[in-house]
Amino acid sequence: MKKSAGLFNPKRVFFMVLAVLITVIASIIFFRLFKKNKFDVSLASYDELVTFGIEELSDTRPWGEQTPPRCIGFDIRNKVHYTEKIWDSPFYLITVKYPDKPGKHTIEGYLFFKEGHYFYITYEEDHFYLKELITTVSCYGSEGELCYLPVTFHESDGKELKYDDGQEIHSFWWEETVGLSTLDDLKGYYSRLEPGVCEILDDRILLKTFWTNADGVAEWSDKYALVITVVESGINIKVTDEYKTEKRNLSEGCLPGDGK
(Lines give C-alpha, C1' and ligand atoms only; values in the text may rest on other atoms or scores of the structure.)
Protein backbone atom coordinates (compact mmCIF):
# COMPACT_ATOMS: atom_id res chain seq x y z
CA MET A 1 0.00 0.00 0.00
CA LYS A 2 2.83 2.42 0.78
CA LYS A 3 4.43 1.86 -2.63
CA SER A 4 1.10 2.34 -4.37
CA ALA A 5 0.45 5.59 -2.55
CA GLY A 6 3.90 6.79 -3.57
CA LEU A 7 2.86 6.92 -7.18
CA PHE A 8 0.45 9.71 -6.30
CA ASN A 9 2.88 11.68 -4.25
CA PRO A 10 1.98 15.40 -4.65
CA LYS A 11 5.61 16.33 -5.24
CA ARG A 12 5.96 13.72 -7.96
CA VAL A 13 2.73 14.91 -9.67
CA PHE A 14 3.93 18.52 -9.44
CA PHE A 15 7.27 17.76 -11.09
CA MET A 16 5.60 15.68 -13.80
CA VAL A 17 3.21 18.54 -14.65
CA LEU A 18 6.10 21.02 -14.53
CA ALA A 19 8.14 18.85 -16.91
CA VAL A 20 5.24 18.69 -19.37
CA LEU A 21 4.78 22.48 -19.23
CA ILE A 22 8.49 23.10 -19.77
CA THR A 23 8.47 20.74 -22.77
CA VAL A 24 5.46 22.50 -24.32
CA ILE A 25 6.92 25.98 -23.77
CA ALA A 26 10.30 24.93 -25.15
CA SER A 27 8.62 23.44 -28.22
CA ILE A 28 6.73 26.68 -28.87
CA ILE A 29 9.88 28.79 -28.50
CA PHE A 30 11.84 26.46 -30.75
CA PHE A 31 9.09 26.54 -33.39
CA ARG A 32 8.92 30.34 -33.40
CA LEU A 33 12.69 30.74 -33.51
CA PHE A 34 13.19 28.43 -36.44
CA LYS A 35 9.93 29.04 -38.29
CA LYS A 36 10.42 30.92 -41.56
CA ASN A 37 8.57 34.22 -41.28
CA LYS A 38 5.97 35.12 -43.88
CA PHE A 39 5.19 38.72 -44.73
CA ASP A 40 1.96 40.34 -45.86
CA VAL A 41 1.99 42.01 -49.28
CA SER A 42 -0.35 44.95 -49.90
CA LEU A 43 -0.74 48.00 -52.11
CA ALA A 44 -3.01 51.05 -51.90
CA SER A 45 -4.77 52.25 -55.05
CA TYR A 46 -3.83 55.61 -56.55
CA ASP A 47 -7.10 57.18 -55.38
CA GLU A 48 -6.52 55.81 -51.86
CA LEU A 49 -9.97 54.20 -51.85
CA VAL A 50 -8.87 50.56 -51.89
CA THR A 51 -6.03 48.51 -50.46
CA PHE A 52 -5.42 45.11 -51.99
CA GLY A 53 -3.26 42.53 -50.28
CA ILE A 54 -2.57 38.90 -49.48
CA GLU A 55 -1.48 37.88 -46.02
CA GLU A 56 1.70 35.86 -45.37
CA LEU A 57 2.53 35.69 -49.08
CA SER A 58 6.19 36.74 -49.16
CA ASP A 59 9.28 35.04 -47.76
CA THR A 60 11.09 38.38 -47.62
CA ARG A 61 10.07 41.79 -46.38
CA PRO A 62 8.42 43.57 -49.36
CA TRP A 63 10.18 46.58 -50.83
CA GLY A 64 9.07 49.46 -53.01
CA GLU A 65 7.02 52.61 -52.76
CA GLN A 66 3.39 53.31 -51.97
CA THR A 67 3.79 56.46 -54.08
CA PRO A 68 3.92 56.44 -57.92
CA PRO A 69 4.69 54.11 -59.59
CA ARG A 70 3.36 52.16 -56.58
CA CYS A 71 5.13 48.93 -57.33
CA ILE A 72 5.82 46.49 -54.51
CA GLY A 73 8.46 43.79 -54.95
CA PHE A 74 8.79 40.58 -52.95
CA ASP A 75 10.24 37.06 -53.10
CA ILE A 76 8.69 33.60 -52.90
CA ARG A 77 10.70 30.43 -52.31
CA ASN A 78 7.86 27.91 -52.46
CA LYS A 79 5.95 28.33 -55.74
CA VAL A 80 3.23 25.88 -54.68
CA HIS A 81 2.54 27.89 -51.53
CA TYR A 82 2.47 31.05 -53.64
CA THR A 83 -0.08 29.86 -56.19
CA GLU A 84 -2.36 28.41 -53.51
CA LYS A 85 -2.40 31.80 -51.77
CA ILE A 86 -3.17 33.50 -55.09
CA TRP A 87 -6.04 31.21 -56.03
CA ASP A 88 -7.55 31.44 -52.56
CA SER A 89 -7.91 35.22 -52.81
CA PRO A 90 -11.59 36.21 -53.25
CA PHE A 91 -10.42 38.89 -55.71
CA TYR A 92 -8.47 36.57 -58.04
CA LEU A 93 -9.67 36.51 -61.67
CA ILE A 94 -7.24 34.80 -64.05
CA THR A 95 -3.66 33.61 -64.57
CA VAL A 96 -1.85 35.03 -67.60
CA LYS A 97 1.06 33.15 -69.21
CA TYR A 98 3.86 34.91 -71.10
CA PRO A 99 5.83 32.10 -72.77
CA ASP A 100 7.00 34.10 -75.79
CA LYS A 101 6.88 37.73 -74.74
CA PRO A 102 9.70 39.26 -76.81
CA GLY A 103 12.39 41.16 -74.93
CA LYS A 104 10.76 40.61 -71.56
CA HIS A 105 11.40 38.36 -68.62
CA THR A 106 7.82 38.07 -67.38
CA ILE A 107 6.89 34.43 -66.88
CA GLU A 108 3.30 34.77 -65.71
CA GLY A 109 0.87 37.18 -64.12
CA TYR A 110 -2.20 37.11 -61.88
CA LEU A 111 -5.12 39.51 -62.29
CA PHE A 112 -7.27 40.68 -59.37
CA PHE A 113 -10.27 42.99 -59.15
CA LYS A 114 -11.34 44.69 -55.95
CA GLU A 115 -13.97 47.40 -55.56
CA GLY A 116 -13.55 48.96 -59.00
CA HIS A 117 -9.75 48.59 -59.17
CA TYR A 118 -7.53 46.15 -61.05
CA PHE A 119 -4.36 44.85 -59.42
CA TYR A 120 -1.74 42.62 -60.97
CA ILE A 121 1.03 40.37 -59.64
CA THR A 122 3.77 39.37 -62.04
CA TYR A 123 6.45 36.73 -61.71
CA GLU A 124 9.52 38.08 -63.49
CA GLU A 125 12.44 35.64 -63.25
CA ASP A 126 13.82 36.22 -59.75
CA HIS A 127 11.22 38.49 -58.16
CA PHE A 128 7.51 39.14 -57.89
CA TYR A 129 5.81 42.52 -58.28
CA LEU A 130 2.42 43.85 -57.21
CA LYS A 131 1.03 46.80 -59.20
CA GLU A 132 -2.23 48.57 -59.85
CA LEU A 133 -3.14 48.62 -63.55
CA ILE A 134 -2.91 52.38 -63.93
CA THR A 135 -1.14 54.32 -66.66
CA THR A 136 -0.14 57.99 -66.79
CA VAL A 137 -1.29 60.08 -69.76
CA SER A 138 0.38 63.33 -70.80
CA CYS A 139 -0.95 65.43 -73.66
CA TYR A 140 0.91 68.50 -74.97
CA GLY A 141 3.05 68.79 -71.87
CA SER A 142 0.11 68.70 -69.47
CA GLU A 143 0.60 67.31 -66.00
CA GLY A 144 0.17 63.57 -66.11
CA GLU A 145 -3.32 62.27 -65.49
CA LEU A 146 -4.19 58.63 -64.90
CA CYS A 147 -6.33 56.05 -66.67
CA TYR A 148 -7.17 52.37 -66.40
CA LEU A 149 -5.47 50.27 -69.09
CA PRO A 150 -5.25 46.45 -69.36
CA VAL A 151 -1.50 46.57 -70.00
CA THR A 152 1.48 46.18 -67.69
CA PHE A 153 4.72 48.12 -67.54
CA HIS A 154 7.95 46.65 -66.28
CA GLU A 155 10.06 48.98 -64.15
CA SER A 156 12.43 49.47 -67.09
CA ASP A 157 9.59 50.51 -69.42
CA GLY A 158 8.10 53.95 -69.87
CA LYS A 159 5.16 54.51 -67.54
CA GLU A 160 3.57 57.35 -69.48
CA LEU A 161 1.57 57.64 -72.67
CA LYS A 162 2.79 60.91 -74.15
CA TYR A 163 0.76 62.60 -76.86
CA ASP A 164 1.75 65.62 -78.92
CA ASP A 165 1.79 66.56 -82.59
CA GLY A 166 4.37 63.84 -83.22
CA GLN A 167 2.63 61.01 -81.37
CA GLU A 168 -1.03 60.42 -82.14
CA ILE A 169 -1.44 56.74 -81.29
CA HIS A 170 0.06 54.25 -78.84
CA SER A 171 -0.24 50.57 -79.73
CA PHE A 172 0.04 47.40 -77.67
CA TRP A 173 0.21 43.79 -78.80
CA TRP A 174 -2.36 41.44 -77.31
CA GLU A 175 0.59 39.69 -75.64
CA GLU A 176 1.26 42.89 -73.67
CA THR A 177 -2.22 42.92 -72.15
CA VAL A 178 -3.43 40.96 -69.15
CA GLY A 179 -4.65 38.00 -71.14
CA LEU A 180 -6.94 39.78 -73.62
CA SER A 181 -7.18 38.75 -77.26
CA THR A 182 -10.46 40.11 -78.70
CA LEU A 183 -12.76 43.12 -78.59
CA ASP A 184 -15.18 41.12 -76.46
CA ASP A 185 -12.36 40.50 -73.94
CA LEU A 186 -11.70 44.23 -73.85
CA LYS A 187 -15.38 44.99 -73.29
CA GLY A 188 -15.53 42.42 -70.50
CA TYR A 189 -12.51 44.01 -68.84
CA TYR A 190 -14.04 47.49 -68.82
CA SER A 191 -17.55 46.32 -67.95
CA ARG A 192 -16.39 45.82 -64.35
CA LEU A 193 -15.55 49.52 -63.95
CA GLU A 194 -17.99 52.21 -62.93
CA PRO A 195 -20.15 53.52 -65.83
CA GLY A 196 -18.88 57.08 -65.40
CA VAL A 197 -15.28 55.99 -65.89
CA CYS A 198 -15.69 54.59 -69.39
CA GLU A 199 -18.23 54.09 -72.15
CA ILE A 200 -18.39 50.81 -74.03
CA LEU A 201 -19.50 51.23 -77.65
CA ASP A 202 -19.93 48.65 -80.40
CA ASP A 203 -16.47 49.12 -81.88
CA ARG A 204 -14.46 51.08 -79.29
CA ILE A 205 -14.04 52.04 -75.65
CA LEU A 206 -14.01 55.65 -74.41
CA LEU A 207 -12.01 56.41 -71.26
CA LYS A 208 -11.83 59.29 -68.84
CA THR A 209 -8.68 60.26 -66.96
CA PHE A 210 -8.35 61.26 -63.32
CA TRP A 211 -5.97 62.88 -60.90
CA THR A 212 -5.89 63.22 -57.11
CA ASN A 213 -6.41 66.63 -55.55
CA ALA A 214 -4.70 68.04 -52.46
CA ASP A 215 -7.04 66.01 -50.24
CA GLY A 216 -6.16 62.79 -52.06
CA VAL A 217 -9.62 62.57 -53.65
CA ALA A 218 -9.91 61.41 -57.25
CA GLU A 219 -11.26 63.97 -59.73
CA TRP A 220 -12.31 62.78 -63.17
CA SER A 221 -12.05 64.63 -66.47
CA ASP A 222 -15.29 66.09 -67.81
CA LYS A 223 -14.59 64.77 -71.29
CA TYR A 224 -13.57 61.34 -72.48
CA ALA A 225 -9.82 61.58 -73.00
CA LEU A 226 -8.91 58.35 -74.77
CA VAL A 227 -10.45 56.07 -77.34
CA ILE A 228 -9.37 52.42 -77.59
CA THR A 229 -9.88 50.53 -80.82
CA VAL A 230 -8.96 46.97 -81.73
CA VAL A 231 -6.80 45.72 -84.58
CA GLU A 232 -5.82 42.15 -85.33
CA SER A 233 -2.52 42.38 -83.45
CA GLY A 234 -3.79 44.25 -80.39
CA ILE A 235 -5.15 47.63 -79.32
CA ASN A 236 -4.62 51.25 -80.38
CA ILE A 237 -5.02 54.10 -77.89
CA LYS A 238 -5.67 57.56 -79.29
CA VAL A 239 -6.50 60.90 -77.67
CA THR A 240 -9.99 62.17 -78.43
CA ASP A 241 -10.25 65.40 -80.43
CA GLU A 242 -11.96 67.25 -77.57
CA TYR A 243 -9.29 66.30 -75.05
CA LYS A 244 -6.50 67.10 -77.51
CA THR A 245 -7.94 70.55 -78.24
CA GLU A 246 -8.36 71.31 -74.56
CA LYS A 247 -4.80 70.34 -73.68
CA ARG A 248 -3.33 72.12 -76.70
CA ASN A 249 -5.14 75.31 -75.74
CA LEU A 250 -3.89 75.06 -72.18
CA SER A 251 -0.32 74.49 -73.38
CA GLU A 252 -0.58 77.62 -75.55
CA GLY A 253 -2.06 79.67 -72.73
CA CYS A 254 -5.49 79.94 -74.30
CA LEU A 255 -8.64 80.09 -72.23
CA PRO A 256 -11.33 77.44 -72.82
CA GLY A 257 -13.62 78.53 -75.59
CA ASP A 258 -11.04 80.60 -77.45
CA GLY A 259 -11.36 78.20 -80.36
CA LYS A 260 -7.68 77.98 -81.13
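**View 1. Tyr163 in strand 11 is the bridge partner of Cys139.** Welcome to this predicted model, and to a first look at how two of its strands meet. The pair Cys139 and Tyr163 belongs to a longer contact: strand 9, residues 134-139, runs parallel to strand 11, and four bridges link them. Strand 11 itself spans residues 160-163 and has two distinct faces. Tyr163 lies on the covered face together with Leu161, while Glu160 and Lys162 make up the uncovered one.

**View 2. Five strands form an open sheet in the order 12-18-17-14-13.** Pairing in this sheet is antiparallel. Which strands sit at the edges? They are strand 12 (169-173) and strand 13 (198-200), each with pairing on one side only. On average, and with direction ignored, neighbouring strands here are turned by 20° against each other.

**View 3. Strand 12 meets strand 18 over five bridges.** Here we zoom in on one end of the sheet order. Strand 18 covers residues 234-239 and runs antiparallel to strand 12. If you would like a residue pair to find your bearings, try His170, which stands opposite Ile237 of strand 18.

**View 4. Cys71 and Cys198 are both buried.** Why does Cys71 count as buried? Its relative accessibility is 9%, so Cys71 falls under the 20% cut-off. Cys198 has a relative accessibility of 6% and therefore counts as buried too. How many disulfides does the whole structure hold? A search finds zero. For the cysteines, then, a disulfide would be a covalent bond between two sulfur atoms, and the search of this model returns none.

Notes:
Residues numbered from 1 in each chain as written. Predicted model: local features only at pLDDT ≥ 70, side-chain atom pairs only at ≥ 80, totals over all residues. Heavy atoms only, no water. Pairing = 2+ DSSP bridges. Axes fitted to C-alpha atoms, helices over the stretch in contact; angles between N-to-C directions. Disulfide = S-S within 2.5 Å. Buried < 20%, exposed > 50% of the residue type's maximum accessible area, 1.4 Å probe, protein only.
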